[in-house]
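Trainee: I am new to this structure and should like to go through it step by step. May we begin with one helix and then turn to its surroundings?

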Amino acid sequence: MIRIRQAVYEDIPRIMKHIDEDWKKGHIMGNDRKMFEFQHVRDEEVFYIIAEDDVDGKIYGSMGYVPMAEWEWTCMSTTMIQSLKNPEGRMLGEEMSRFFEKEMHCYNVMSPGITPQYAKLVAALGSNVGMLEHYYRLGEKNDFRVARISHYERPLVEKKGVELELLETAEQFNQSLNWDELYKDYPRRSMRYIEHRYYKHPYYTYKVYGLKLKNEMRSALVMREERVKDVRVLRIVDFFGRDEDLTYAGEAFDRLIEEGNYEYLDFYCYGINQKILQDAGFIRRNKQDENIIPNYFDPFVQQNVEIYFYTWYLDKIHVYRGFGDQDRPNRVV
């Protein structure tokens, strides 16, 4: 009989084998234990649900997740939900979702990067489905090689005032930010999560900046550089704090673009008012946009990509590219 349960540390080699054989051959999460444990293990607690045959131990379904804080009733982000055809004919994807809903003590769940097929399933189960909005700010260039630009547009930035201060350590972050302000933003992320996710990544180097406005630092953002040969772009992958602080950050963003000689700066997000990002100089890319602002860099694919997500509750929620497994290597490093 197939039973659904929480994975334990000894299950990791079997889960990774399942990912490599049943998800995608050569997938990093099936072949790089360091990356697997970075994303799904804390103090030997494994953040994975599995559906296994209790006779032969075959895994017919799996569902990873990432708690965004250590306390009970945190928000969790699910990743890589896989359900195979099984001899009992059970809908294991639905059953694992129900198990997760019953057993995990969390106030909300989100999952960026779901397929349209899975979106239909979770919508039928009562979850909300949305799409991350994609914003970009072009550099002052005549030639674009990563992006494909058919019409150049760079809106004038009129509102100014934010200075970006590099927070090089987790201790700097913790001491510089007003946590009362950060906790007005949903989902709430703990300092331990932030330090692990952005300051201790085994392969990626993130830059974390505090947004200082009138000598007060109420917000922060996380950026990461992508390279294609000798061309560089900059990406915002996470944001904390007051959305309205971004209104006054356009000039600071332009300095980063110029100093780093970046083709563009982009930002996948949900929950921030479009007017705020327009005031910061961003253009919202829509499905009809002829400009191409690539999402995939590992390997590089020059095409626009829509990122769908589901969540139990949409009210006041913010979703960013850095949640779940949307910003990680896709191949063994």
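Mentor: We shall need one term at the outset: a residue is called buried when its relative accessible area is under 20%, and exposed when that value is over 50%. Please also bear in mind that this is a predicted model.

Trainee: Which residues of helix H5 are buried?

Mentor: Helix H5 spans residues 116–124. Its buried residues lie on the same side of H5, because they cover an arc of only 105° around the axis. They are Tyr118, Ala119 and Val122.

Trainee: Which exposed residues does the face of H5 turned away from its buried side carry?

Mentor: We have seen that the buried side of H5 includes Tyr118. The face turned away from that side carries the exposed residues Pro116, Gln117, Lys120 and Ala124.

Trainee: Against which elements do the buried residues of H5 pack?

Mentor: One helix and several strands have to be named here. The helix is H4 (92–103). The strands are S6 (74–83), S7 (106–114), S8 (128–131) and S18 (308–311).

Trainee: Is Thr311 buried or exposed?

Mentor: Thr311 is found in strand S18, one of the elements against which the buried residues of H5 pack. Its relative accessibility is 0%, and the limit for a buried residue is under 20%, so Thr311 counts as buried.

Trainee: Which backbone oxygen does the side chain of Thr311 reach, and at what distance?

Mentor: Leaving aside neighbours within four places in sequence, Thr311 is in contact with Asn108, Val109, Met110, Ser127 and Asn128. Among these contacts, Val109 is the residue whose backbone oxygen the side chain of Thr311 reaches, at 3.0 Å.

Trainee: What separation is found between the C-alpha atoms of Met76 and Cys106?

Mentor: Met76 lies in strand S6 and is buried, with a relative accessible area of 7%. Its contacts beyond four places in sequence include Phe100, Cys106 and Val109. Although Met76 and Cys106 are 30 residues apart along the chain, their C-alpha atoms are separated by 6.7 Å.

Trainee: How many residues does the largest nonpolar core have?

Mentor: In soluble globular proteins, nonpolar side chains tend to be buried together. Phe267 is among the residues with the most contacts inside the largest core, and its contacts beyond four places in sequence include Ile236, Leu246 and Phe282. Apart from this core lies another, of 24 residues, among them Ile2, Ile4, Phe99 and Trp312. The number of residues in the largest nonpolar core is 57.

Notes. Residues are numbered from 1 along each chain as its sequence is written. This is a predicted model: local features need pLDDT of at least 70, side-chain atom pairs count only at pLDDT 80 or more; totals for chains, interfaces and linings use all residues. Side-chain values use heavy atoms; hydrogens and water are left out. Buried means under 20% relative accessible area, exposed over 50%, partly exposed in between (1.4 Å probe, protein chains only). Helices (H or I, at least four residues) and strands (E, at least two) are DSSP runs, numbered from the N terminus. The arc is that of the directions from the helix axis to the C-beta atoms. Contact means heavy atoms within 4.5 Å. A nonpolar core is a set of buried Ala, Val, Leu, Ile, Met, Phe, Trp, Tyr and Cys residues joined through side-chain atoms within 4.5 Å. A polar contact is a pair of N or O atoms within 3.5 Å; within protein, one must be able to donate a hydrogen and the other to accept it, and residues adjacent in sequence count only if both atoms are side-chain atoms.
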